[in-house]
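Here are some exercises to work through with the sequence and the model side by side. Try each task yourself before reading the solution.

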Amino acid sequence: GYRTFHLEDVFPLLCALADPPRHGTRAGRYPDQLAGVHDWLVARQSPPVRALDIGCGVGHGTLELAAVLHDAGCAVNVCVGVTAEPLEVWMATHRQLPHDLMRMAELRAFAPAAEAAFVTGTATSVPCGGSFDLIVCNGLVGGDFLGVDESVQAVLGEFRRLLAPGGRVSLANRFHEGTRRKLRRFTELARGDGWRVEG
């Protein structure tokens, strides 16, 4: 049979389609990465900091990153999240997840000091100019979106275009062991392109 939706159900349905559970975006996924970023920021002692979160989803990681910038004592910050899904930009900007109230509460729990801007773009075509001291890209490298040489080379080109001298790129993921070959290939291509790879 057919199911009809009430008008008030349509928007949460669209949000659920734009933010499927398999993407797993929520706060606290990469605590070691955040601790390392915090230590690096403190050691630099050179605010302000411009940070970019590529593949930000609905913004949990970006707001976490903004909070780390604030906690590290960086006086003036720019923190930008980039996602390919325009509806995710809306959800992140407004801290609204009408399809997932628990994760929405997590978004809203970030202090007002954790400020970020969100834009629509992809890892291989980031709609930002200028240079960033820190680029975070979680859950993409080695996965379906950045698993072939051409896309890896394109994203490395974007990193090079966007990264300020002395800046850092931090990558993390929670993929299964089957992605190790893709991650090794990413490392090979990055080193071949002149990047110093750690971790």
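## Exercise 1: A pair of opposite charges

Arg 196 and Glu 198 make a salt bridge, with 3.1 Å between their closest N and O atoms. A salt bridge here is a side-chain nitrogen of Lys or Arg within 4 Å of a carboxyl oxygen of Asp or Glu.

Before we go on, some ground rules: this is a predicted model, where local features need pLDDT of at least 70, side-chain atom pairs count only at pLDDT 80 or more, and totals for chains, interfaces and linings use all residues. Residues are numbered from 1 along each chain as its sequence is written, and side-chain values use heavy atoms, with hydrogens and water left out.

**Task.** Work out whether Arg 196 is buried or exposed, and do the same for Glu 198.

**Solution.**
- Step 1. Get the cut-offs straight: buried means under 20% relative accessible area, exposed over 50%, and partly exposed in between (1.4 Å probe, protein chains only).
- Step 2. Arg 196 has 70% relative accessibility, so it counts as exposed.
- Step 3. Glu 198 is exposed too, with a relative accessible area of 56%.
- Step 4. Now look elsewhere: Asp 19, Asp 100 and Arg 103 are joined into one network by salt bridges that share partners.

## Exercise 2: One arginine, two partners

**Task.** Find out how many salt bridges the whole structure has, then look at the one between Asp 149 and Arg 185 and say which helices hold the two residues.

**Solution.**
- Step 1. A search of the whole structure turns up eight salt bridges.
- Step 2. In the pair Asp 149 and Arg 185, the closest N and O atoms are 2.8 Å apart.
- Step 3. Asp 149 sits in helix α6 (residues 149-162) and Arg 185 in helix α7 (residues 180-192), so this pair links distant parts of the chain, 36 residues apart. Helices (H or I, at least four residues) and strands (E, at least two) are DSSP runs, numbered from the N terminus.
- Step 4. Both ends are partly exposed: Asp 149 at 25% relative accessibility, and Arg 185 at 32%.
- Step 5. Arg 185 also bridges to Glu 188, with 3.0 Å between the closest N and O atoms. These two are three residues apart in helix α7, so about one helical turn separates them. Glu 188 is partly exposed, at 48%.

## Exercise 3: Cysteines without a bond

**Task.** Count the disulfides in the structure, and explain why Cys 15 has no bond to Cys 56.

**Solution.**
- Step 1. A disulfide is a pair of cysteine sulfur atoms within 2.5 Å.
- Step 2. The structure has zero disulfides.
- Step 3. The closest cysteine sulfur to that of Cys 15 belongs to Cys 56, and it is 14 Å away, so it's too far for a bond.
- Step 4. Cys 56 is in no disulfide either: its nearest cysteine sulfur, in Cys 79, is 9.3 Å away.
- Step 5. Cys 15 is buried at 0% relative accessible area, and Cys 56 is buried at 4%.

## Exercise 4: Into the core

**Task.** Which residues have the most contacts inside the largest nonpolar core, and which element gives the most to it?

**Solution.**
- Step 1. A nonpolar core is a set of buried Ala, Val, Leu, Ile, Met, Phe, Trp, Tyr and Cys residues joined through side-chain atoms within 4.5 Å.
- Step 2. The largest one has 30 residues, and Leu 41, Leu 65, Met 91 and Leu 134 have the most contacts inside it.
- Step 3. α3 gives the most to this core, with five residues.
- Step 4. There's also a second, separate core of 24 residues, including Cys 128 and Leu 140.
- Step 5. Zoom in on Met 91: this residue lies in helix α4 and is buried, at 0% relative accessible area.
- Step 6. Leaving aside neighbours within four places in sequence, Met 91 is in contact (heavy atoms within 4.5 Å) with residues including Cys 15, Val 58 and Leu 107.
- Step 7. The C-alpha atoms of Met 91 and Leu 107 are 9.7 Å apart, with the two residues 16 apart along the chain.

## Exercise 5: An unusual phi

**Task.** Where does Arg 95 lie, and is this residue buried or exposed?

**Solution.**
- Step 1. Arg 95 lies in the loop between α4 and α5.
- Step 2. At 17% relative accessibility, Arg 95 counts as buried.
- Step 3. Arg 95 has a positive phi of about 50 degrees, although it isn't a glycine. Most residues other than glycine have a negative phi.
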